[in-house]
Structure formats: structure tokens, C-alpha cells
Amino acid sequence: NNNNNNNNNNAIQQTNAADAATQTPQQQQQTNAADAATQTPQQEHTLLGAMNKSRVVILIAMGFNGGIVATLDPTLAYRLKDHPFDYNSSLIGLLFMASSVSYIVTSIPTGYLLDNSKGNSSLFKIIQGIGFVALVACFGILGPIYFEGFESAFNNPPSAWAAMILKGIGSSGANAAYPDLVIGVDDRDEKLHARLSGIWNATYAIGWALGPLFGGAVYQALGFRGFTTLCAGIATANVVMLFFAALPSVSRYLNPKTPQNSGFVRVSSEETAEKNSEDHLEGRNNVYTAS
């Protein structure tokens with residue numbers, strides 16, 4: 001890390017030296033002022049300072065995603081050991097493996113979409129919301145939840161396998177959380193990126209740690225169908241929250257640094273880099289014009 005920081009500092013110093021060679025002393029002073037205006041405020045490196053409304057919404061969803069998924073660890077075996085499943089430990093392990101394979105397969109196209117839609121907070125929240133839609137379906141089928149016709153339709157082994165595949169899809173939707181968290185953060189601000197990455201991982205880990213405790217307690221109190229009905233309800237609440245937050249006007253309210261042209265429009269990495277470069281040059285040109 002020290003070597004990387006030294007290299008970055010050297011590169012910045014060389015760039016500044018090259019700019020300074022073509023500027024008058026007055027222009028250099030004004031350029032430094034323009035550069036300082038675009039830097040991340042120091043308070044953003046604190047825990048509370050790193051938070052904005054959008055990041056709070058994202059982290060709430062992230063915690064619930066990890067927690068809901070983890071509730072199945074201590075409870076699913078009780079459901080699958082009885083009729084009509086009669087699964088042994090090996091089959092239950094294969095069922096969980098199907099969920100992991102589903103996560104791997106769906107994470108690849110999800111990652112490609114995220115990489116080619118930088119700055120699109122609305123799309124990122126939609127992807128997270130779709131993940132929760134998959135979790136609603138997962139728990140609705142596994143229970144089956146208390147809904148007319150569900151027990152006769154889904155109380156069978158094929159439905160359990162379909163539900164666990166949906167569980168993997170639901171987890172892959174959470175991959176959109178981190179790129180949404182760092183919207184508006186300068187790529188060179190390693191400290192803030194590290195801060196947000198730590199908060200993101202800690203939030204998911206807390207949800208994953210509390211999930212089995214919550215799942216076991218609710219299963220003991222309400223039985224498996226009651227437990228899955230409650231989890232499906234929590235996932236539904238997150239769907240509503242994320243889809244509402246994905247509205248372009250709401251998205252920009254939650255994070256004022258969201259690009260104006262993001263909305264539901266795909267924004268390529270090249271366009272984002274060009275826009276950032278234009279904004280930086282525009283700030284410098286405004287200083288020269290004022291002088």
C-alpha cells in the first residue's frame with residue numbers, strides 16, 4: 001500500500017509539474033484552488049461522514065439480503081427431512097450447492113451489466129430489487145407460504161430445487177450494492193473507497209451472522225411455513241424500498257452526486273471517464289476566464 005501511495009503521489013507531482021510549466025504564477029494558484037474544490041471533503045473519511053441517504057438505503061438492503069439468505073442454514077434441513085422430500089444430509093448439501101452454482105452463473109452477466117453502467121444508481125437499485133424479488137419467490141415456494149393454492153402447487157421436490165436456484169439469483173442481485181455505494185467517489189480517493197468497502201462487507205457479515213439466530217427463533221415460534229411467510233414479507237418490503245429509490249428523481253435526491261443522465265439510461269465507462277475529464281477541464285477553464 002505504501003508503494004502504491006508513493007507511486008500515485010509521484011505521478012500526481014509529475015502531472016502538476018508539467019501543468020505548472022505552461023502556466024503563470026497567478027494561473028497556478030487559481031488551478032490549485034480549482035483542484036481543491038473537486039477533492040473529497042475530509043469529513044467523508046469518517047464513518048458518519050461517509051454516509052448519505054442513498055448509502056443508508058443500500059446498506060439496509062444489503063444487511064437484509066445477507067440475513068434472509070442465512071436464515072435457511074439452521075432451518076431448511078427440518079423442512080427437507082420429512083415427506084414428500086425425505087432428503088438425507090448429502091441431498092440437502094447438493095441443494096445448497098445448486099444455490100451456489102446459480103449465484104456463480106448469474107453473477108457473470110450481472111457483473112458485466114454493472115461494469116458497463118457506471119454511475120447508473122437507478123439501474124443498480126433495480127438489480128438489487130430484482131434480487132429481492134427472487135428471494136420472495138424462493139421463500140414463497142419453499143414454505144410454501146400461507147397463500148391459497150401454494151401448498152398443493154409447490155409442496156414437492158422439484159419446487160425446492162427451483163427455490164434454491166432463485167436463492168442464488170437473489171444473492172447475485174446484491175452485487176450491485178458496491179458500485180452504487182461509490183457513485184460520486186473519486187477513483188483516486190483510496191481512503192474513502194476502503195472505508196465504504198469495509199462498511200459494505202461488515203453490513204453483509206452482520207446480516208449473515210444474525211440470520212441463523214433469527215431464522216431458528218422464528219422457526220421455533222411459527223413453524224417452517226410461518227417462518228418463510230415472514231421472510232417473504234421482509235423481502236417484499238425491500239423490493240418496494242429499492243424500486244421506489246430507483247426512480248430517477250428519488251435517486252438524485254438520495255445521492256446528489258448521481259449523474260443527471262443516469263436515470264434508466266446505460267452509461268458506458270468511456271462516457272463516464274470523458275464526462276469526468278470534461279468537468280475537470282471546465283473547472284480549470286472557468287478559473288482562467290474569471291481571471
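Is Ala-174 buried or exposed? In this predicted model, Ala-174 has a relative accessible area of 8% and is therefore buried, the cut-off for that class being under 20%. The residue belongs to the loop that connects H8 with helix H9 (177-181). Across a sequence separation of 46 residues, the C-alpha atom of Ala-174 lies 5.4 Å from that of Gln-128.

Ala-174 and Gln-128 both contribute to the lining of the largest cavity. The analysis returns one cavity of 30 Å³ or more, and the volume of the largest cavity is about 40 Å³. Besides these two residues, its lining includes Ala-61, Met-62 and Asn-65, together with Phe-132, Gly-173 and Leu-242. In terms of secondary structure, at least two lining residues come from H3 and at least two from helix H6 (121-142). H3 provides the largest share, with three residues. Classified by residue type, the lining of the largest cavity comprises five nonpolar and three polar residues, and charged residues are absent from it.

An open site was also characterised. The second largest pocket encloses about 290 Å³ of space. Its lining is made up of 16 residues, among which Val-69, Tyr-103, Ser-171, Tyr-204 and Trp-208 are the closest to the pocket centre. Four helices, namely helix H3 (53-70), H5, helix H8 (157-173) and helix H10 (190-245), each donate at least two residues to this lining. H3 thus appears in the lining of the second largest pocket and also in that of the largest cavity. The pocket lining consists of eight nonpolar residues, six polar residues and two charged residues; the lining of the largest cavity, by contrast, has no charged residues.

Tyr-103, one of the residues closest to the centre of the second largest pocket, is also a member of a nonpolar patch on the surface. The other members of this patch are Leu-91, Leu-94, Met-97, Val-101, Ile-104 and Val-105, and the accessible area of the patch as a whole is about 600 Å². Val-101 is located in helix H5, which spans residues 89-115. With a relative accessible area of 43%, Val-101 is partly exposed, because this value falls between the limits of 20% for buried and 50% for exposed residues. The value for Val-101 also satisfies the patch criterion of over 30% relative accessible area.

Note on methods. Residues are numbered from 1 along each chain as its sequence is written. This is a predicted model: local features need pLDDT of at least 70, side-chain atom pairs count only at pLDDT 80 or more; totals for chains, interfaces and linings use all residues. Side-chain values use heavy atoms; hydrogens and water are left out. Patches are made of residues with over 30% relative accessible area and no salt bridge: like charges are joined within 9 Å, nonpolar side chains (Val, Leu, Ile, Met, Phe, Trp, Tyr) within 5 Å. Accessible areas come from the Shrake-Rupley method with a 1.4 Å probe; for residues, only the protein chains shown count as cover. A salt bridge is a side-chain nitrogen of Lys or Arg within 4 Å of a carboxyl oxygen of Asp or Glu. Buried means under 20% relative accessible area, exposed over 50%, partly exposed in between (1.4 Å probe, protein chains only). On a 1 Å grid over the protein atoms alone, a cavity is a set of points where a 1.4 Å probe fits but cannot get out, and a pocket is an open set with protein on both sides within 12 Å along at least five of seven lines; lining residues have an atom within 4 Å of a point. Grid points are joined across faces, edges and corners, and a volume is the space filled by probe spheres set on the points. Ala, Val, Leu, Ile, Met, Phe, Trp, Tyr, Cys and Pro count as nonpolar, Asp, Glu, Lys and Arg as charged, and the others, Gly among them, as polar.
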